[in-house]
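The following note sets out several points for consideration alongside the coordinates. It begins with a question about the interior and then turns to the chain, one strand and the cysteines.

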Amino acid sequence: AFLFGDPPRQLGEAEVGTTLWSQQKRLDAWLKMVSKHNVQLLPGAPAGTDGSIVFLPPALPLPVSRESDAALYRIMAVIQVGLLESGFLEDRSLLRELLNDWILRSTYSLLATQWVLHHWTRRFPGLKGDLKTVAVMESAGRLRVNLTEVPRDGIPHAFIPLYDCLTVCLNWPSQPDTAGNPARSALALVRETPSEAAGRLVVTGQAHQLSRHFRNSRLGPPPVPDFCGLIRPEWILGEEARNLETSEDWKKGQIPLRRLRKALARKD
């Protein structure tokens with residue numbers, strides 16, 4: 001058992017569930033088969049991407065369920081790869097908006113995730129079973145605003161259509177199939193859009209419209225299920241800003257001259 005058994009599931013002092021390390025080879029091979037976007041998988045929580053690397057949680061919560069945990073890792077990877085492959089993180093002006101507007105960022109994240117999952121489950125029907133498994137996993141459906149977990153009970157009715165097929169909560173009231181809910185109408189329009197280019201435009205437009213509705217209704221940002229990950233525009237824009245700063249650095253003069261200027265400024 002010591003030589004050939006599974007490694008202990010521990011991170012630091014805490015025992016954890018299924019690890020990314022135990023799933024990574026299968027995930028890498030599977031992503032190469034289903035996606036044209038070549039990405040590197042690295043541990044990081046919550047799930048996210050910087051535009052080239054996909055970060056997935058280093059371990060899942062206990063208890064261990066091999067099939068369910070494998071499905072969860074596949075769905076988390078599909079969401080991040082889908083956002084990259086379909087160009088949802090390419091518009092720099094939009095990313096700057098998302099950087100400072102959490103209502104827009106959360107709304108955009110949910111609608112983009114819905115488009116990606118709807119598109120991928122139609123391309124690969126086997127993913128529908130994975131998504132159904134993930135939707136009923138309590139740990140996967142924990143709701144967060146940024147890194148802050150929020151209770152599932154008491155979610156405003158206006159938000160609930162956005163979680164359709166993503167997570168299940170028996171305490172949420174059922175939503176009638178009417179056009180009177182802006183979130184339900186936005187979700188239907190997003191799912192009806194087949195192409196990637198049109199999908200980006202529709203998701204962006206509906207996210208802006210819906211976030212204005214939430215803001216006017218004083219509702220704040222809709223929480224995002226944990227497995228959907230977190231869009232981090234600062235990771236993508238940060239590299240761009242660092243490159244710009246480096247290219248402009250020569251204008252500040254040589255280091256001794258900079259120090260002299262600082263000393264003169266302090267003296268004044």
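Which element supplies the largest share of the lining of the largest cavity?

1. The model is a predicted one. In answer to the question, helix H4 makes the largest contribution to the lining of the largest cavity, with four residues. H4 spans residues 102–123, and strand E8 (224–225) likewise supplies at least two residues of that lining.

2. The lining of the largest cavity comprises 13 residues in total; those nearest the centre are Arg 144, Asn 146, Val 224, Gly 229 and Leu 230. Divided by class, the lining holds six nonpolar, four polar and three charged residues. The volume of the largest cavity is about 110 Å³. The count of cavities of 30 Å³ or more is one.

3. As to the chain as a whole, nine helices and eight strands are assigned. Of its 268 residues, 45% are buried. When contacts between residues at least 6 apart in sequence are considered, 68% of them link residues at least 24 apart.

4. Strand E5 (residues 53–56) deserves separate comment. The strand is covered on both faces: Ile 53 and Phe 55 lie on one side, Val 54 and Leu 56 lie on the other, and all are buried. In a regular strand, side chains point alternately to the two faces of the sheet.

5. The pairing of E5 involves two further strands. Strand E3 (residues 40–43) runs parallel to E5 and is joined to E5 by four bridges; within this pairing, Gln 40 has Ile 53 as its bridge partner. Strand E4 (residues 48–49) runs antiparallel to E5, with two bridges between them, and Thr 49 stands opposite Val 54.

6. The connection between E4 and E5 should also be noted. These strands form a hairpin with three residues between them, and Gly 51 in the turn adopts a positive phi of about 105°.

7. Which cysteine is partly exposed, and which is buried? Cys 165 has a relative accessible area of 45% and is therefore partly exposed. Cys 228 is at 3% relative accessibility, so this residue counts as buried, the cut-off for that class being under 20%. The structure holds zero disulfides.

Notes:
Residues are numbered from 1 along each chain as its sequence is written. This is a predicted model: local features need pLDDT of at least 70, side-chain atom pairs count only at pLDDT 80 or more; totals for chains, interfaces and linings use all residues. Side-chain values use heavy atoms; hydrogens and water are left out. Buried means under 20% relative accessible area, exposed over 50%, partly exposed in between (1.4 Å probe, protein chains only). Two strands pair if DSSP finds at least two bridges between them. A disulfide is a pair of cysteine sulfur atoms within 2.5 Å. On a 1 Å grid over the protein atoms alone, a cavity is a set of points where a 1.4 Å probe fits but cannot get out, and a pocket is an open set with protein on both sides within 12 Å along at least five of seven lines; lining residues have an atom within 4 Å of a point. Grid points are joined across faces, edges and corners, and a volume is the space filled by probe spheres set on the points. Ala, Val, Leu, Ile, Met, Phe, Trp, Tyr, Cys and Pro count as nonpolar, Asp, Glu, Lys and Arg as charged, and the others, Gly among them, as polar. Contact means heavy atoms within 4.5 Å.
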